[in-house]
Structure formats: structure tokens, C-alpha cells
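These are my notebook entries on a structure that I have opened for a reader new to it. I put down what I looked up, one topic at a time.

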Amino acid sequence: MIASLVSSTLVTLKLAGLSTLLLIFLCCIMAMAIKPLPKNLANIIRTFISIPLVLPPVVLGFYLLLVFSWVGQYDGLSLAFSFEGLVLGSILYSLPFVYQPIQNALDNISRSHTELAATMGASAFDRFFSVTLPLAKNGFISAAILGFAHTIGEFGVVLMIGGNIPGETQVLSVLLYEYVEMGDYNSAHNLAAILLLFSFSLLFAMYHFSGSVNAISPVKR
Amino acid sequence: MNDYLSVSIIQRVNHKLTLEADFKLVSGDVCGVFGESGSGKTTLLRGIAGLNNLSFAKVRVAGDVWQEGSAIKPVHKRHLAFVMQDGNLLPHLNAKQNIEYALKRRLDAFEKSFWCKESTEEIIEMMNIEHCLQRFPEQLSGGEKQRIALARALLLKPQVMLFDEPLSALDDGRKNEVLPYLKQLRSKTEACILYVTHSKQELASLANKVLLVENGKFHMCSNVEEAIFPASETAQKEVYLPAKVEAKVARWGMQKISCGEQELLLSDDREPVGAEFRLCIKAKDVTLSLKQQIDSSVLNSIASVVIDIYPMQDGFSADVLLETKAGKIWASISRYSLDRMGLVPGLSVWANIKAVALLP
């Protein structure tokens, strides 16, 4: 039990860490790219980004599986039932949870601050790192915590596209499911308690940093 | 002296406002920008800074093109300091870091030793901000924040300083706290300064030129006095002069007041000897005579010289600007008297002051 628990924990942390890191970069770029677009176009893109909030994860997994097999036909790349495929799935699945806090934080930065920095001699690139990022810091922390926590709780998508390969795609939530299926309630109890405690600490940390739930509320208009 | 800053703009900003400006300043000029709200003052400043894109503007500084046609220097490459009403400090940096933020980017070789230089310490001391350098903006008062922004502007030694009502967010007490520091600006910098304000007091004490603006049209006046009290305006001209109670004449209930080098006799208002206040002398309370009035009831008949004569638009009156030992004062007289007395600039006359108001 311990061996599979350790390997699953490692897979889970690796998956959540890698997805979160990629998501932070991706969402930051997307939020800045979407900002200047016409309102309607921006709203369409934001809707797509938010779909995973309401779509059953199994549906997302199902479509991903179709896309993976279609891609596999052409260049023989097999993303289904691989760790890389899981990372891709997690990115889509956790996208709104990372995107929203980042967008809120960037929107809340007053233009007067960046203009002030410009009059003090900072170029656009310089301003992003010396003004925008520091002022949006709490938003980025919330985004990272939410993205990480949400990826750890991923189940439907993993089951559809990752299967249950120990050391490769077997994450904690799938392991828990397996324990229950096998009737190993003792291990299931322990694992469930660990996951509960873990989720609690992560969210507590988020409240500690951002001080509010605004991070996941819809965009202010 | 050569032109230092030259600006030429004709541009429609929106359906209500078209900016028209064409002026030149020399190094060391402090140019007040004076006019109603919404007349384009801030737009002009932001245009010069490059924050608003005025694509038809021509801006040159010390021979360097800041903006002309397609040649546009980005904001961060324009060597300027911009001090606005508020929000002049980045909230995530403390006061010292805020100053360093600009210094690091503007000065070629900025080092920590900069802070130990005598010239730096002098400015820090002048602005009286030593005690708040380690504090963050949210821990500073409005006056302290503005003084830090002003100190930063001075330390940068920019080519152009743009001030957009730097004192207007402050209450009167704070204004008086910052104003003396601003007065020292001219002596401390070679930059030319554009200073937007609504206050005639600030204009009179700071500026040596005034850019008057009406509905987006800018008009340069090199006579500040004339700009503040335009000759074409029939409004009452009045001057404020600093004065001090010198002695009491108890027998007559009078007091002797010194105003500049002039002594005046006024009725005693129970101010203590030594008290300082301002005298308000209105143009309509001053009459002129060619001889000293010793045989009339007028208390104060003082020697003066005609500086300038401004005929009024009504066609029958004129305002006369006089130089006296007390300072410049105005007299409002009829054209008939002007003609009869043969007043011309340079003529010595006696100004008879019928009434003055004492202001604390």
C-alpha cells in the first residue's frame, strides 16, 4: 500500500506542479492578449476559458480522447494514457481557476501606476516586471494555489484519458477509487483524510494571501 | 538664450475640444498654465509627456525631437518629471525606493553613494522628508507624498518638469507647507517647468510666464501680473501687500504701519505692535494727484511713479499701475482725469489711498 501511495503522490504532485506552472504563464499571456480585443470577441474567448467550470469533467475527457486518437493517426504520437496527455488535460480542466484570479488582478492595476512608471523611465517590458507583477502578486498566488488544488482533485478527466497506470498516470484520486473498488476501506479512509486535510490547508493558504474569495468570482464590469 | 522647450499643437481631442498651442520656453522658465477645468491643460501636459498621443503635435526639447510627425520618442525615453495631483508614488515601494526607481532608470551611473552626496542631502533636507523615506505611501500624509514626488523631480534633474496641480489635493495648511519648497524650485533647477494651477496665489509666487488657456486655445503671456489681472477685464483690481504694525498713536486712535519701505497711517484695529498681516488695496480706493495732498482728509498720500496705463473697454475709465515704496498698486481713474493730468508712464504722482482692508 505504501509503495503505491508514494508513487501516486509523486505523480499527483508532479502533475499539479507542472500544470500550475504552465497555466500561470499561459493565463498571464492570455489575459494580456485578450484585454485589448473588442468586447464581444473577448467575451467569447472568456466563455471558452470558463467552460470547464460547468462542464462535467468526463465530457472534457471524452473530447480529449477523441482529439488524442485523431492526432495519433497522423504522427503516431500517443497522448492518451500518458503523463503528457494528463498534463494537457489538467491544463484545460484547471484553466478557469487560474485564469480568473490573474485576469482580476491585472484588471485591478490602475493605468496611472504604469503611466507613472513610464514617466520615471521604465520601458513596457520593465514596467511589467517592476510594477504589474508586484502589484498583481496576490492574484498570482491565489491563481497558483487554486490551480494546484483543483488539479489534485481531478478525477473524471484522468480516468478518461489517463487510465490507471501506476507510476505514470495513477494519481491519488484514482488510487482512492481503486481502493474503494477493491473493498480496501481502511486505506481509502486514510487516503481520503489526507486529501481532505491537504485541500483544507491549500485553501486556507489562499485566504491567508488574498484575504477574499474575489479570486474566483466573475469579472467585475 | 536659446529656446529650450518648443511646443506647437493644433489637434482635435474630442468633439468639444480642439487644442491649439504654440509657445517656446527658455531654460529656467517657470510657466504657469492657467484656465478653467476641462480646457485642455492636463491634456497638454500629458501630450508633452507622451502619455496622450497627440499625433499632430511638435515637441522639441533642447534641440531634441520628442515628437514630430512619425518621430515619436516613447514616454520612458523623455527626460522629464511629472508630478500630478496625487498618485505620484508606486504603492508597493517605500518612499526611498520610489525615488530610486526613477533615479536608477534616468541617471546613467546611479549608485547607493548618491544618497550620501551633499546635493542630495540638501534636497532631502529642503523638502523635509528625511523622516519618511522608509515609509510606504499608505503610511504617508498627502503633503509628505507630494514633497517626496517633488524631491524626486529635483533629484532627477530632468529637462522638463510638468506639474499638474501638485497642491490641489492638499488642504490649505498642507498647501502652505509645500508652497515654500516649490518656490525654491527655480533656483535649484535648469529645467523648464510647466505648472498647471487654479490658484492666482501660486501663479503670482512661482511663475515668470503664464500660459492662459480658454477652450483649448493657449496664449502665452510674459507678464504674470497682466495675466492674473488682465487690463481688458473690468473686474476690480486689487493688490495684497505684506505689512506690519510699527507703533500706536493712542491719542487719535491710529496706528503706524510699515508696508515695504512705506509708512502708512491707519485707524487702530487693536492689532498688537509687531503683528504681521496683509493689506488689500483696491484700485477704486486710490486716487491720483500731481501734488501731495496735505490739505485734504486723505490720510495716506504716497509718492509713486506711473508704470503703465490700461484704458478700460468702457471707453471712459483707465487703470493705472503705480510703483510705490510699498509695492505695485493700482488706481482706477476716469479718462478725463487721465487726460487733464497728462499722465504718462514714468511720471511721478501722488497716490491717495482712501481705504485699505487689513487681512490676517
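**Entry 1: chain A as a whole.** Which share of the contacts in chain A with a separation of 6 or more is accounted for by residues 24 or more positions apart? I noted first that this is a predicted model. I then found that such residues account for 77% of those contacts. I looked up the elements of chain A and found 10 helices and zero strands. From the N terminus on, I therefore read α at every place in the run α-α-α-α-α-α-α-α-α-α. As for burial, 44% of the 221 residues of chain A count as buried.

**Entry 2: confidence.** I looked up the scores of the model and recorded ipTM 0.75 and pTM 0.69. For chain B, I recorded a mean pLDDT of 84, with 95% of its residues at 70 or more. I keep in mind that predicted coordinates should not be read in detail where pLDDT is low.

**Entry 3: a covered helix.** How many of the nine residues of helix α5 of chain A are buried? I found seven, and I describe this helix, residues 111–119, as mostly covered. Among the buried residues I list A:His113, A:Glu115 and A:Leu116; A:Ala117, A:Ala118 and A:Thr119 are also included. I next asked what covers them. The cover includes α6 (124–135) of chain A. From chain B, it includes α1 (41–49), β7 (80–83), α2 (95–106) and α4 (142–156). After α5(A) I came to A:Gly121, whose phi is positive, near 100°.

**Entry 4: a sheet in chain B.** I traced an open sheet of five strands in chain B, in the order β14-β13-β12-β15-β21, with antiparallel pairing. Strands β14 (262–267) and β21 (357–359) of chain B stand at the edges; each has a single partner strand, so one side of each is left without a neighbour in the sheet. The twist from one strand to the next averages 45°. Within this sheet I looked at β12 (residues 238–249) and β15 (residues 276–282) of chain B, which pair in the antiparallel sense over seven bridges. I looked up the bridge partner of B:Val239 in β15(B) and found B:Ile281.

**Entry 5: aromatic rings.** I recorded 10 aromatic pairs over all chains. The rings of A:Phe200 and A:Phe204 have their centres 6.2 Å apart and their planes at 15°, so I enter this pair as stacked. These two residues are four apart in helix α10 (residues 185–210) of chain A, which means that about one helical turn separates them. Are A:Phe200 and A:Phe204 buried or exposed? I found both exposed. I then turned to B:Phe114 and B:Trp115, an edge-to-face pair at 6.4 Å centre to centre with 90° between the planes. Both B:Phe114 and B:Trp115 are buried. I also noted a cluster in which ring pairs link A:Phe125, A:Phe128 and A:Phe129.

**Entry 6: charges over rings.** Where does the charged end of B:Arg105 sit? I found it over the ring of B:Tyr101, 3.7 Å from its centre. In chain A, I found that A:Lys14 lies over the face of A:Phe83, at 4.5 Å from the ring centre.

Methods: Residues are numbered from 1 along each chain as its sequence is written. Chains are lettered from A and ligands numbered from 1 in the order in which they are written. This is a predicted model: local features need pLDDT of at least 70, side-chain atom pairs count only at pLDDT 80 or more; totals for chains, interfaces and linings use all residues. Side-chain values use heavy atoms; hydrogens and water are left out. pLDDT is the predictor's confidence in each residue, from 0 to 100. Two strands pair if DSSP finds at least two bridges between them. Axes are lines fitted to C-alpha atoms, for helices over the stretch in contact, and angles run from 0 to 180 degrees between N-to-C directions. Rings of Phe, Tyr and Trp (its six-membered ring) pair if their centres lie within 6.5 Å; planes under 30 degrees apart count as stacked, over 60 as edge-to-face and the rest as tilted. Buried means under 20% relative accessible area, exposed over 50%, partly exposed in between (1.4 Å probe, protein chains only). A charge sits over a ring if NZ of Lys or CZ of Arg is within 6 Å of the ring centre and within 35 degrees of the ring normal. Contact means heavy atoms within 4.5 Å.
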